[in-house]
Amino acid sequence: MKLYIYEHCPFCSRARLALGLKDLAFETVVLMEDDAATPTRLVGKKAVPILEKPDGSHMGESLDIVRYVDTLGTPMFDGPPEAALDAWGDAAWPLALKLFIPRFTEGDFAELATPSAREAYRQREERAFGDLDALRADSARYIGKMNTKLEALAPLLAGRDAVGISDVKLWPILRSLSIVDGLQFPPAVRAYMERLAAAGKVPLLFEQAR
């Protein structure tokens, strides 16, 4: 199998995490941010992740990929979602975007390795989120709010060792937030992040924190 991704992308992290947790062999292909031709050829639009299945066909949409991956071998993600984890993720997502999107455009990611690719990504995100410099300038306020949310998440993750579909949705949000300097991840949250990063073979972004 082959998985087309952007290294920064939280939706790609869902697919990467699922494949890693199930210990399935796959090749990773990083697409450049200014390459619209390849994903359009494969799935009809510029979007990742894209999974090339063993039969040579391609599929997009991160959760569809996770569900497909779960049919290979013993299922891991077919249990019911966990309402508390999903609710936290849904509530944190709009705020999280304000923090990690500006930093992603500055990050050291393979898909941004050329000036044209980085500029294409920045323009795409500015169309979606507005002035990224203004978001960056308001970081202190957003970080304070997110730290409060992370404190509320800690009791939900304390001692957690299960892995289900809600973790596949939650962990990529936390991974994305690990690029934000100044966030305070409570011990239970940090341990959860590091456990799934190791088990899923997807690195966190603390080394790029800015």
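**Close-up views of a predicted model**

**View 1. Crossing of helix 7 and helix 8.** The axes of helix 7 and helix 8 come within 13 Å and cross at roughly 140 degrees. Helix 7 is therefore oblique to helix 8. The crossing of these two helices is left-handed. Helix 7 contributes Met146, Leu150, Leu153 and Leu157 to the contact, and helix 8 contributes Leu170, Leu174 and Leu177. As in the other views, the coordinates belong to a predicted model.

**View 2. Surroundings of helix 8.** Helix 8 spans residues 165–177, and 12 of its 13 residues are buried, so this helix is largely enclosed by the rest of the structure. Among the buried residues are Ile165, Ser166, Asp167 and Val168, together with Trp171, Pro172, Ile173, Arg175 and Ser176. Leu170, Leu174 and Leu177 are also buried, and these leucines take part in the contact with helix 7. The cover over the buried residues of helix 8 includes helix 1 (10–21), helix 3 (62–69), helix 4, helix 7 (139–157) and helix 9 (187–200).

**View 3. Packing of helix 4 against helix 5.** Two packed helices are described by the angle between their axes and the distance between the axes. For helix 4 (residues 83–104) and helix 5 (residues 115–129), the angle is about 160 degrees and the axes are 10 Å apart. An angle over 145 degrees counts as roughly antiparallel, and helix 4 and helix 5 are therefore roughly antiparallel to each other. Helix 4 passes helix 5 in a left-handed crossing. On helix 4 the contact is made by Leu97, Ile101 and Phe104, and on helix 5 by Tyr121, Glu125 and Phe129. An α-helix has 3.6 residues a turn, so residues three or four places apart point the same way.

**View 4. Environment of Asp86.** Asp86 lies in helix 4. With a relative accessible area of 16%, Asp86 is buried, because the cut-off for a buried residue is under 20%. When residues up to four places away in sequence are not counted, Asp86 touches Pro81, Ser166 and Lys169. Of these contacts, Ser166 is itself one of the buried residues of helix 8. Asp86 and Leu135 are separated by 49 residues in sequence and by 25 Å in space, C-alpha to C-alpha.

**View 5. Aromatic cluster.** Five aromatic pairs are found in a search of the whole structure. In one of them, the ring centres of Phe104 and Phe109 are 5.8 Å apart and the ring planes stand at 90 degrees, so this pair is edge-to-face. Both Phe104 and Phe109 are buried. Ring pairs join these two residues with Phe11, Trp93 and Phe100 in a cluster. Phe104 also belongs to the contact of helix 4 with helix 5.

**View 6. Charged groups over aromatic rings.** Lys53 lies over the face of Tyr68, at 5.0 Å from the ring centre. The charged end of Arg190 sits over the ring of Phe206, 3.8 Å from the centre of that ring.

Notes: Residues are numbered from 1 along each chain as its sequence is written. This is a predicted model: local features need pLDDT of at least 70, side-chain atom pairs count only at pLDDT 80 or more; totals for chains, interfaces and linings use all residues. Side-chain values use heavy atoms; hydrogens and water are left out. Rings of Phe, Tyr and Trp (its six-membered ring) pair if their centres lie within 6.5 Å; planes under 30 degrees apart count as stacked, over 60 as edge-to-face and the rest as tilted. Buried means under 20% relative accessible area, exposed over 50%, partly exposed in between (1.4 Å probe, protein chains only). A charge sits over a ring if NZ of Lys or CZ of Arg is within 6 Å of the ring centre and within 35 degrees of the ring normal. Axes are lines fitted to C-alpha atoms, for helices over the stretch in contact, and angles run from 0 to 180 degrees between N-to-C directions. Helices (H or I, at least four residues) and strands (E, at least two) are DSSP runs, numbered from the N terminus. Angles under 35 degrees count as roughly parallel, over 145 as roughly antiparallel, 65 to 115 as roughly perpendicular and the rest as oblique. A crossing is left-handed if the near helix is turned anticlockwise from the far one by less than a right angle, and right-handed if clockwise. Contact means heavy atoms within 4.5 Å.
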